[in-house]
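Here are a few short exercises to work through with the model open beside you. Try each task before reading its solution.

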Amino acid sequence: MDTPTVTKPKEAEDAPDLTDGFHLVIDALKLNGITTIYGVPGIPITDFGRFAQAAGMRVVSFRHEQNAGNAAAIAGYLTKTPGVCLTVSAPGFLNGLTALANATTNCFPMILISGSSEREIVDLAQGDYEEMDQLAVAKPLCKAAFRVLHAADIGIGVARAIRAAVSGRPGGVYLDLPAKLFSQVMNADAGAKSLVKVIDPAPAQIPAQDAVKRALDLLKSAKRPLIILGKGAAYAQADDKIRALVEKSGVPFLPMSMAKGLLPDTHPQCAGAARSTVLQESDVVMLIGARLNWLLSHGKGKTWGKAPKQFIQIDIDPKEMDSNVEIAAPLVGDITSCVSALLDQMGGNWPASPSDWTGAVNSKREENIAKMAPRLMKNSAPMDFHSALGSLRTVVKERPDIILVNEGANTLDLARAVIDMYQPRRRLDVGTWGVMGIGMGFAIAAAMETGKPVLAVEGDSAFGFSGMEVETICRYNLPICVVVFNNNGIYRGTDVNSGGGADPATTVFVKGARYDKMMEAFGGVGVQATTPDELKRAVDAALDSKKPTLINAVIDPGAGSESGRIGNLNPQSVIKKK
Ligand SMILES: Cc1ncc(C[n+]2csc(CCOP(=O)(O)OP(=O)(O)O)c2C)c(N)n1
Ligand SMILES: [Mg+2]
């Protein structure tokens, strides 16, 4: 076995046989193929960032830890290697925690590394600088949490964090590194020997043969089968196998938001535009890396219609089965292994999907697409969501390789419905929680990890959660085009304060704000667009030039609806609105 090399700390120039905590953490990450750190500097990790950069790692400094954390999380999703976020103690740690919890909820592998205060003072609550028992706080919000107290344990600590993040169902891991650890010194050879290269961090989990047979028997018996692809299927990077399964079965498929593009939305079997019909009328549903959570109405109720359903579920986590409704054919294993096993057992003469069903799904899809088409083609000012999205839809059609980041309410729900995706893992959005604030962090990591241009389509409220990172985009000169759908507020810009006071209503912002000026302030390109044609020209120019660009897209303030497409989740008061 090769002995890992260690980077020598500067202080050790006179003592070449020494290393320390700073350098052991860097060496442990590098040994495991982690080359980028997303973070915000400060005590006790400023020098750590400097040393990591000196050692050839990419250390990307953000303006707020939540955005760095979101960047790390989506880097993990895109690469299947944990993304690393680095923060200072207590407040920086807490700022990173939302992203860690969100990563865990969405099954994105990431590691939050935070410096922390001195244990002996924290444990006695003696009021240390940024004192907090961070390990205890992090534990319920992630898959695993570890603290390393001795330099000699850094190798094993980093190894455990990596394995915990990517094995089984991926998620967030917290690694607590007290300030004192960084300057702990040890013999360089012993340090090198203490490092651990994780072997097979996400081992295949092969499904049982009888479970595969049970799933196929059920699928074969279906009169109205449906396949639902979740972002777990996109994460698996088993694109060819999944496509082969869908095409061999002939079954209509429905992509969840971040699974759009795994097979093109324009694929003849795609039932995206006939969602209500297929959910209501299907009789056997195969879930691939999709959970029956609120996004699928927990697998029951009106959304799922009256016809009895039987579910086949492919998931790596056995606990996912029967979480909401009975799963008739659970298939536990990693998606690549499960889909391969299904393909193998399907053999050469799998029957075609019943043609009355596929025909009905197709005609519903064509009907809905035709209904929407005229709304996407209007070239008027002010723009409404559909006309603005119509031009972005064409942009993505012409440039299917770009990455689309999307958040907001109407801006999210309508973009998801309107913009067809053509390639896997090109759509990154608010995920399971519908969280606002992922925009700039996701865009920055997507650009850095893939080298591809990024189009971030942002509600004006959504953008505000991470908007300061436009400076980061300019500083690193990233090929990111941000389009702010500016309707002067949350859902709409037209609410008034029903109490009659001077304060604005709770959901509205400064009218006619010029978000484009924010990008100009840092040397990027700012554009104001008032028609779909102007918008398309500006986005094309941005993606061609690869210059950081922000387009303020002026949207009719009255065009949106409350909470986009999930207004039904708002609790209602018995007292009528004034
Ligand atoms: C962290 C977080 N805070 C608050 C919310 C509630 N929320 C949902 S959508 C939204 C903003 C919607 O406005 P905008 O982004 O402008 O989209 P629009 O509907 O106007 O297009 C907010 C604040 C949330 N989802 N996540
Ligand atoms: Mg808005």
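**Exercise 1.** Which polar side-chain atom lies 2.6 Å from an oxygen atom of ligand 1?

*Solution.* Keep in mind that this is a predicted model. Start at the oxygen atoms of ligand 1: the partner at 2.6 Å is a polar side-chain atom of Thr411. Next, turn to the backbone. Gly434 places a backbone N or O atom 2.9 Å from a nitrogen atom of ligand 1, and Ser461 has a backbone N or O atom 3.0 Å from an oxygen atom of the ligand. Of the 590 Å² of accessible area that ligand 1 has on its own, the protein covers 76%.

**Exercise 2.** Describe the shell around ligand 1: how many residues surround it, and which helix gives the most?

*Solution.* Begin with the count: 17 residues surround the ligand, and Asn410, Thr411, Gly434, Asp460 and Ala462 are the closest. Then assign them to helices. At least two shell residues come from each of α17 (410-418) and α19 (460-464), and α19 gives the most, with three residues. Finally, sort by class: eight nonpolar, eight polar and one charged.

**Exercise 3.** Which residues are the protein donors of the magnesium ion (ligand 2)?

*Solution.* Look for donor atoms lying 2.0 to 2.1 Å from the ion: they are OD of Asp460, OD1 of Asn487 and O of Gly489. Now read these donors along the sequence, where their spacing is D-x26-N-x1-G. Then check burial, taken as under 20% relative accessible area: Asn487 and Gly489 are both buried. To link this with Exercise 2, note that Asp460 is also among the closest residues to ligand 1.

Terms used: Residues are numbered from 1 along each chain as its sequence is written. Chains are lettered from A and ligands numbered from 1 in the order in which they are written. This is a predicted model: local features need pLDDT of at least 70, side-chain atom pairs count only at pLDDT 80 or more; totals for chains, interfaces and linings use all residues. Side-chain values use heavy atoms; hydrogens and water are left out. A residue is near a molecule or strand if one of its heavy atoms lies within 4 Å of it. A polar contact is a pair of N or O atoms within 3.5 Å; within protein, one must be able to donate a hydrogen and the other to accept it, and residues adjacent in sequence count only if both atoms are side-chain atoms. Accessible areas come from the Shrake-Rupley method with a 1.4 Å probe; for residues, only the protein chains shown count as cover. Helices (H or I, at least four residues) and strands (E, at least two) are DSSP runs, numbered from the N terminus. Ala, Val, Leu, Ile, Met, Phe, Trp, Tyr, Cys and Pro count as nonpolar, Asp, Glu, Lys and Arg as charged, and the others, Gly among them, as polar. Donors are N, O and S atoms within 2.8 Å of the metal (3.2 Å for Na, K and Ca); water is not among the atoms, so sites may look incomplete. Buried means under 20% relative accessible area, exposed over 50%, partly exposed in between (1.4 Å probe, protein chains only).
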